[in-house]
Amino acid sequence: MSEHDTALCWFRRDLRMEDHAALYSACRQAKRVIGVFIFDSVILDPLPDRQDRRVEFIWRSVEALKREWQAHGSDLLIRIGDARDEIVAIATEYRATAVFASRDYEPAAVARDQAVAQRLQALGACLVTVKDQVIFDTDEVLTKDGRPYSVFTPYRNAWLAKLSPFYVQPYPIQRHVDRLVKLAPAPMPSLLQVGFGESDLTRLNIVAGEEGASQRLADFLARMDRYRAERDYPARKAPSYLSVHLRFGTVSVRKLAALAWQQGSDGAQCWLDELIWREFYQMILHHHPHVVGRAFKSEYAGLVYPGLPEHFEAWKQGGTGYPLVDAAMRQLNFSGYMHNRLRMVAASFLVKDLLVDWRLGEQYFAEKLIDFDLASNNGGWQWAASTGCDAQPYFRIFNPVSQSQKFDEVGRFIRRYVPELAALPDKLIHSPWLATSAQLAQANIVLGRDYPWPVVDHAVQRPKALALYGRG
């Protein structure tokens, strides 16, 4: 039985209609449902890049979502402004007594939702948040004594033990589309009206919306079985490339988890583990919001990193003299994406070779990654920096040369992003400073002119990193 006459469904990081928990709940609990999206000025105005790829991805996904609402004889209401004001204004205008939204776990989003809930309550309305972006949230996976996990493997085991078909079943929307309010179609605000210009999504072959997610998923399913064997090699087409779609909810995580779980191959299980890592970091953020800006482990909260600003700049620009690290950073700068193995290598190098504060690297990734997710980005950086969730992390210091030799053996990835080294033999491309003068001359390379000398010596920096963490 419907509890509300009119309700809003507030789309945020769930830009789809298929398998949509908040929309399903709104349709079940209200006679009339209106879809809403807010280009939130509180989030968008501080962004430094007015051609931000993420904003264009969101805009194109919302545009596609709006067309889908129109195909059902309704329309998606779109506003630009402070979401706290706009949602309350729309609820007032349409006399909605409830606003349904997918739950968010980021501290700023939690504070926003609390403010909206209070203002709606003053109007006699309510904010209803439901689980959508994860399989298990908040307190659903806890230790036997009722505390949140702080190490991944036991969390993973408990997560898998709890998983059942119930948790991955979809929320069918099609049978409830008669609840969508009939609205005359309104024009989509332009990207320029939102305050941004077009980026390079077309050049990068990134298709937004549910259509883009479906294309990426279909492509990945054909090679999912090989995922474990190939995922660490950046020159191979091994990842799903679905991270941006998960970030903005143009695909349901329930659908992805169900496919991986049901396929059951070694590769599928490995990919499911990656989805569980994502939820692990969401759980950490929910229970320990202090990780935003501070070390998860209190004993490392006061670390002072002695790294040099010029080394940080070299790292950002892909000019450290370590080819795999430089290739990784150039991939990020060029495409807004970085291979997962390389995220670990690049982060470890910044913190434990260059001795630069992990928060600086975290912020740079936050600005550049099109799939930037606060929980995963923070969790990954703290893992690499040994300040986060891990059983015994202090001695994990990636050797950038051996990582290069192991995962880009013939230098295919390096040659793509560091083409000035392309003529070097495979064995030398990982450490060009070891090449003889004749070998460099044959490759037409002058170190310091065509490619930098290493800014630090890994063998010298490793004991410095251990000493920094009090383990040297």
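This is a short walk through one predicted model, from the overall fold to the strands, two backbone oddities and the aromatic side chains.

I will start with the whole chain. The protein chain has 22 helices and five strands. Its radius of gyration is 24 Å, and the globule rule gives 23 Å for 472 residues, so the chain is as compact as a globular protein of that length. The C-alpha trace spans about 80 × 50 × 40 Å along its principal axes. As for burial, 56% of the 472 residues count as buried. If you take contacts between residues at least 6 apart in sequence, 79% of them join residues at least 24 apart.

Now the strands. Strand 2 covers residues 30-40, and nine of its 11 residues are buried, so it is largely enclosed by the rest of the structure. Which strands does it pair with? One is strand 1, residues 4-11, in the parallel sense and over seven bridges. To find the place on your screen, look for His4, which stands opposite Ala30 in strand 2. Between these two strands the chain passes through helix 1, residues 21-29, and the β-α-β crossover it makes is right-handed. Another partner of strand 2 is strand 3, residues 76-81, again parallel, with six bridges. Here the landmark is Ile38, opposite Arg79 in strand 3.

Strand 1 also pairs with strand 4; the two run parallel and four bridges join them. Cys9 has Phe100 of strand 4 as its bridge partner. How many residues of strand 4 are buried? Five of its five, so to speak of it as mostly covered is fair. In a regular strand, side chains alternate between the two faces of the sheet. In strand 4, Ala98, Phe100 and Ser102 are on one side, Val99 and Ala101 are on the other, and all of them are buried, which means that both faces are covered.

From strand 4 we move to strand 5. These two are parallel and joined by five bridges, and Ala101 has Thr129 in strand 5 as its bridge partner. The chain gets from strand 4 to strand 5 by way of helix 5, residues 107-122, and this β-α-β crossover is right-handed.

Next, two backbone angles. Arg95 is not a glycine, yet its phi is positive, about 55°. Arg95 is in the loop between helix 4 (83-93) and strand 4 (98-102). Ser386 is another non-glycine residue with a positive phi, near 65°, and its loop is the one between helix 18 (374-385) and helix 19 (400-407). Are these residues buried or exposed? Arg95 has 72% relative accessibility, and because the cut-off for exposed is over 50%, it counts as exposed. Ser386 has a relative accessible area of 0% and is buried.

On to the aromatic side chains. The whole structure holds 28 aromatic pairs. I will show two. In the pair Phe136 and Trp159, the ring centres are 5.3 Å apart and the planes are at 80°, so this one is edge-to-face. Phe136 is in the loop between strand 5 (126-130) and helix 6 (152-162), while Trp159 is in helix 6, so the pair ties together parts that are 23 residues apart in sequence. Both residues are buried.

The other pair is Trp277 with Tyr281, which is tilted, at 5.5 Å centre to centre and 40° between the planes. Both residues lie in helix 13, residues 266-287, four residues apart, or about one turn of the helix. Trp277 is partly exposed, with a relative accessible area of 22%. Tyr281 is at 10% relative accessibility, and because buried means under 20%, it counts as buried. Both belong to one aromatic cluster, formed by Tyr149, Phe152, Tyr155, Trp277, Phe280 and Tyr281.

Last, two arginines over rings. The charged end of Arg12 sits over the ring of Trp10, at 4.4 Å from its centre. Arg343 lies over the face of Tyr337, and there the distance to the ring centre is 5.7 Å.

If you want one place to begin on your own screen, try strand 2, which pairs in the parallel sense with strand 1 and with strand 3. That is all I have.

Note on methods
Residues numbered from 1 in each chain as written. Predicted model: local features only at pLDDT ≥ 70, side-chain atom pairs only at ≥ 80, totals over all residues. Heavy atoms only, no water. Buried < 20%, exposed > 50% of the residue type's maximum accessible area, 1.4 Å probe, protein only. Pairing = 2+ DSSP bridges. Right-handed = clockwise from strand over helix to strand, strands pointing away. Phe/Tyr/Trp six-rings, centres within 6.5 Å; stacked < 30°, edge-to-face > 60°. Lys NZ or Arg CZ within 6 Å of the ring centre and 35° of its normal. Rg over C-alpha atoms; globule rule 2.2 N^0.38 Å. Contact = heavy atoms within 4.5 Å.
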